[in-house]
Structure formats: structure tokens, C-alpha cells
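This briefing goes through selected packing and charge contacts of one protein chain, grouped by topic. Please keep the sequence and the structure in view while reading.

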Amino acid sequence: MSGSGPAQAKRILVVDDEPPLASLISEILASDGHVVDTAVNGLAALAHVEKHHYDLILSDLRMPELDGPGLYKELERRRPELLTRIAFVTGSAQSAGMEQFLTQTKAPILYKPFRMQDLLKLAADLLSR
């Protein structure tokens with residue numbers, strides 16, 4: 001998709017409670033040469049993080065059981081090294097709490113709907129850190 005692909009496959013976790021969107025993001029990243037796992041919410045993502053090393057985590061902000069900010073806080077407590085490798089994909093961050101969270105964390109965000117090349121650029125930027 002990007003033409004060049006990554007020099008070495010990276011492992012990426014996509015966290016989203018909308019299966020069609022999680023599948024689409026996974027397919028785009030996999031077609032760029034990455035190994036991609038998915039989780040339906042923050043709780044499932046934490047289970048994945050306990051089992052595997054991830055080079056990047058792309059998470060929705062709003063999900064049942066454990067949302068994006070909750071996942072971030074748990075990673076901060078359990079796996080702080082992942083905080084520079086997390087980005088959020090969302091339809092809207094227009095609540096005071098979400099805007100404040102994103103401002104405080106300075107985590108990258110990709111707004112839905114997004115273009116495929118924007119997703120690939122975000123992934124490439126974070127994976128090159």
C-alpha cells in the first residue's frame with residue numbers, strides 16, 4: 001500500500017469495538033507488512049499486551065468496559081514504555097474530558113473518517129521513534 005513497506009514487520013495492536021473498522025485498519029496495516037492483532041476494548045487489549053510485545057497500539061477513545069483513556073492509564077501503570085507508541089483513532093474527541101485527556105497525554109490522534117495514507121503515515125511516524 002505505501003509502496004515501500006516497513007524494513008522489518010512490526011507488531012501492532014488495533015483496539016476498537018467496531019469489528020468492521022478494526023478489520024479495515026488491520027487489513028491496511030497488514031498489507032503494509034505488519035503483524036496485526038485486534039482487541040474489542042481496553043480490557044482485551046491489556047490481555048494482549050501481557051502476552052505479546054507491541055511496537056504500536058492504535059486505540060479507539062470510546063469503548064465499553066475500558067475506554068481509550070482507561071487503557072492509557074493502565075498502560076501508564078503497567079507498561080509505561082508503551083505510552084510513546086500509542087495513538088488514538090476516533091470519530092470525535094469533543095467532550096471536555098476527552099479533549100483534556102488528549103492535551104495532557106499529547107498522544108497522536110487520527111480522526112474518522114480517515115484516508116488510508118493518513119493511517120499509514122501515522123503508523124510509520126510512530127514506528128520510526
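Helices α2 and α3 are roughly parallel to each other, because their axes cross at roughly 30° and angles under 35 degrees count as roughly parallel. The model is a predicted one, and the points below move from helix packing to salt bridges and then to individual residues.

**Helix packing**

- Helix α2 covers residues 42–51, and its axis comes within 10 Å of that of α3, the helix that spans residues 68–78.
- The crossing of α2 and α3 is right-handed, with Gly42, Ala45, Leu46, Val49 and Glu50 making the contact from the α2 side and Leu71, Glu74, Leu75 and Arg78 from the α3 side.
- Sorted by class, the residues in the contact of α2 with α3 comprise five nonpolar, one polar and three charged.
- Helix α1 (residues 19–31) packs against α5 at an angle of about 65°, and the axes of these two helices are 10 Å apart.
- The crossing of α1 with α5 is right-handed as well, and its contact is formed by Ile25, Ile28 and Leu29 of α1 together with Met116, Leu119, Leu120 and Ala123 of α5.
- The contact of α1 with α5 consists of seven nonpolar residues, with no polar and no charged ones.

**Salt bridges**

- Across the whole structure, a search finds nine salt bridges, three of which are described here one by one.
- Arg11 and Asp37 pair through their side chains at 2.9 Å, N to O, and this salt bridge links distant parts of the chain, with Arg11 in strand β1 (residues 11–15) and Asp37 in strand β2 (residues 35–39), 26 residues apart.
- The two partners fall into separate exposure classes, since Arg11 is partly exposed at a relative accessible area of 24%, whereas Asp37 is buried at 15%, the cut-off for buried being under 20%.
- The side chains of Asp60 and Lys112 form a salt bridge at 3.7 Å, N to O; Asp60 belongs to strand β3 (residues 56–60) and Lys112 to the loop between β5 (109–111) and α5 (116–127), so the pair ties together parts that are 52 residues apart in sequence.
- Asp60 and Lys112 also take part in a network of salt bridges that includes Asp16 and Glu18.
- Glu74 and Arg78 meet in a salt bridge at 2.9 Å, N to O, and because these residues are four residues apart in helix α3, about one helical turn separates them.
- Arg78 is partly exposed, with a relative accessible area of 38%, and both Glu74 and Arg78 also belong to the contact that α3 makes with α2.

**Buried residues in strands β3 and β4**

- Asp60, which is found in strand β3, counts as buried at 4% relative accessibility.
- Beyond the residues up to four places away in sequence, Asp60 touches Val15, Asp16, Asp17, Gly68, Phe88, Val89, Thr90 and Lys112, a list that includes its salt-bridge partner Lys112.
- Thr90 has its place in strand β4 (residues 86–90) and counts as buried at 2% relative accessibility.
- With residues up to four places away in sequence left out, Thr90 touches Asp60, Leu61, Arg62, Ile109, Leu110, Tyr111 and Lys112, so that Asp60 and Lys112, the two members of one salt bridge, are both among the contacts of Thr90.

**Two loop residues**

- Leu83 lies in the loop between α3 and β4, and with a relative accessible area of 17% this residue is buried.
- Apart from residues up to four places away in sequence, Leu83 touches Tyr72, Leu75 and Glu76, and of these Leu75 is also one of the α3 residues in contact with α2.
- The C-alpha atoms of Leu83 and Gln117 are separated by 23 Å, with their positions 34 residues apart along the chain.
- Glu65 lies in the loop between β3 and α3 and, at 66% relative accessibility, counts as exposed.
- Leaving out neighbours within four places in sequence, Glu65 is in contact with Asn41 and Leu43; the C-alpha atoms of Glu65 and Leu43, which are 22 residues apart along the chain, are separated by 6.9 Å.

Definitions and conventions: Residues numbered from 1 in each chain as written. Predicted model: local features only at pLDDT ≥ 70, side-chain atom pairs only at ≥ 80, totals over all residues. Heavy atoms only, no water. Buried < 20%, exposed > 50% of the residue type's maximum accessible area, 1.4 Å probe, protein only. Contact = heavy atoms within 4.5 Å. Salt bridge = Lys/Arg side-chain N within 4 Å of Asp/Glu carboxyl O. Axes fitted to C-alpha atoms, helices over the stretch in contact; angles between N-to-C directions. Parallel < 35°, antiparallel > 145°, perpendicular 65-115°, else oblique. Left-handed = near helix turned anticlockwise from the far one by under 90°. Nonpolar A, V, L, I, M, F, W, Y, C, P; charged D, E, K, R; others polar.
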